[in-house]
Amino acid sequence: SLPLGGGGFVTAVIAHPTEQNLFYARTDVGGIYRWIESTKSWKPLTDFISVADQGLYGVEAIAVDPQKPEMLYALVGTSYYSNGKTAILISDDYGETFTVIDVTSKFKAHGNGDGRQMGERLAVDPKNSNVIYCGTRSNGLFKSTDGGRTWNSVSFPVTTTSNGVGINFVQFDESSSVSNGVTQKIYVGTAQTGNSIYVSTNGGNSWSAVSGQPTQYIPHRCAMKNGTIFVTYANGAGPGIGSAGGYVYKYNGSWTNISPSNNTSDYNY
């Protein structure tokens, strides 16, 4: 690796919820990085990828396991490289080494596509390390029950969206009940206006649109704290959006606009 000093797009920074100073950065065409606290630097983790598989440098999503800090998962692939090869990367040593699970036959990622800064569409059940969900651009929602090794489609109301971004985040409610060893409440976001956020209260067996949700703009990212979700919205999938418009909402049974600006037309969030 050469110290170029910049370039590319860091599409997300992911913090582990319990291990201090454990941060990962994902990029649209440059792979995955982990923060090294002792040297105050970022370590590249995906330099093992070959030229033939260069599309795997496009990172669409990252997931960490709240119960096992050493585990790291990533959804990788770029539509116009490596024949659209798509993979789930699995590491049990903080990204030092990876197992590559080819999922191209089931769904395809596009780490350099529109909406690449949304997310995270890959998520590990905080109460069950074997259960992982993956939202896709064109093939709906998928689930693994063996720690990401195999994947099967889940019945979900949305398969894709008109902008081609599809499902853009999966968020478990860690404060919800657990039944049959899995977290029962799960939120899933889709890159569209109208009914865009769906919830399951029975561990993913059925889904319904969250009542009273904002409908004017597209949800981009979701975070959760103590049973309250926080969602950012924008007037388009991005990253290039031609006009301003968006808001920030929180939801804990009812929706509250917490945007920094009272005028929702001022900014994309």
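Start by selecting Cys 134: its sulfur lies 16 Å from the closest cysteine sulfur, the one in Cys 222, too far for a bond. A disulfide here would be a pair of cysteine sulfur atoms within 2.5 Å, and the structure holds 0 of them. Cys 134 is buried, at a relative accessible area of 0%, and Cys 222 also counts as buried, at 12% relative accessibility. Buried means under 20% relative accessible area, exposed means over 50%, and partly exposed is what falls in between (1.4 Å probe, protein chains only).

Before moving on, note that this is a predicted model, where local features need pLDDT of at least 70, side-chain atom pairs count only at pLDDT 80 or more, and totals for chains, interfaces and linings use all residues. Residues are numbered from 1 along each chain as its sequence is written, and side-chain values use heavy atoms, with hydrogens and water left out.

**The cores**

Now pick Tyr 24, Ile 32, Ile 62, Leu 72, Ala 74, Val 76 and Leu 89. Of the 18 residues in the largest nonpolar core, these touch the most other members. Such a core is a set of buried Ala, Val, Leu, Ile, Met, Phe, Trp, Tyr and Cys residues joined through side-chain atoms within 4.5 Å. Colour strand 1 (10-15), strand 5 (59-65), strand 6 (68-77) and strand 7 (86-91), since each supplies at least two residues of this core. Strands here are DSSP runs (E, at least two residues), numbered from the N terminus.

Zoom in on Val 76. Leaving aside residues up to four places away in sequence, Val 76 touches Leu 56, Gly 58, Val 59, Lys 85, Thr 86, Ala 87, Leu 89 and Ala 109, where contact means heavy atoms within 4.5 Å. Then select Leu 75, Ile 90, Ile 132 and Phe 142, which are among the 17 residues of a second, separate core.

**Two open sheets**

Switch to cartoon view. Four strands make an open sheet in the order 1-2-3-4, with antiparallel pairing; two strands pair if DSSP finds at least two bridges between them. Strand 1 and strand 4 (41-44) are at the edges with a single partner strand each, so one side of each is left without a neighbour in the sheet. The twist averages 30 degrees from one strand to the next, with axes being lines fitted to C-alpha atoms and angles running from 0 to 180 degrees between N-to-C directions. Between strand 1 and strand 2 (residues 23-27) there are 5 bridges, and Val 10 has Thr 27 as its bridge partner in strand 2.

Next, show the open sheet in the order 9-10-11-12, made of 4 strands and antiparallel in its pairing. Its edges are strand 9 (122-124) and strand 12 (152-154), each with a single partner strand, so one side of each has no neighbour in the sheet. Strand 9 and strand 10 (residues 132-135) are joined by 3 bridges; look for Ala 123 opposite Tyr 133 in strand 10.

**Backbone oddities**

Most residues other than glycine have a negative phi, and most peptide bonds are trans. Step back along the chain from strand 9 to the loop between strand 8 (99-102) and strand 9, where Glu 120 sits. A cis peptide bond joins Gly 119 and Glu 120, with omega about 0 degrees. Another cis bond runs from Gly 238 to Pro 239, with omega near 5 degrees.

For positive phi, try Lys 40, at about 55 degrees, in the loop between strand 3 (32-36) and strand 4. Lys 40 is exposed, with a relative accessible area of 53%. Asn 226 has a phi near 50 degrees and is exposed too, at 67%.

**Salt bridges**

The whole structure has 8 salt bridges, each a side-chain nitrogen of Lys or Arg within 4 Å of a carboxyl oxygen of Asp or Glu. Select Lys 43 and Glu 96, whose closest N and O atoms are 2.9 Å apart. Lys 43 is in strand 4 and Glu 96 in the loop between strand 7 and strand 8, 53 residues apart.

Then try Arg 137 with Glu 60, 2.7 Å between the closest N and O atoms. Arg 137 is buried at 7%, and Glu 60 is buried at 2%. Finish on Arg 26, Glu 120 and Arg 221, joined into one network by salt bridges that share partners.
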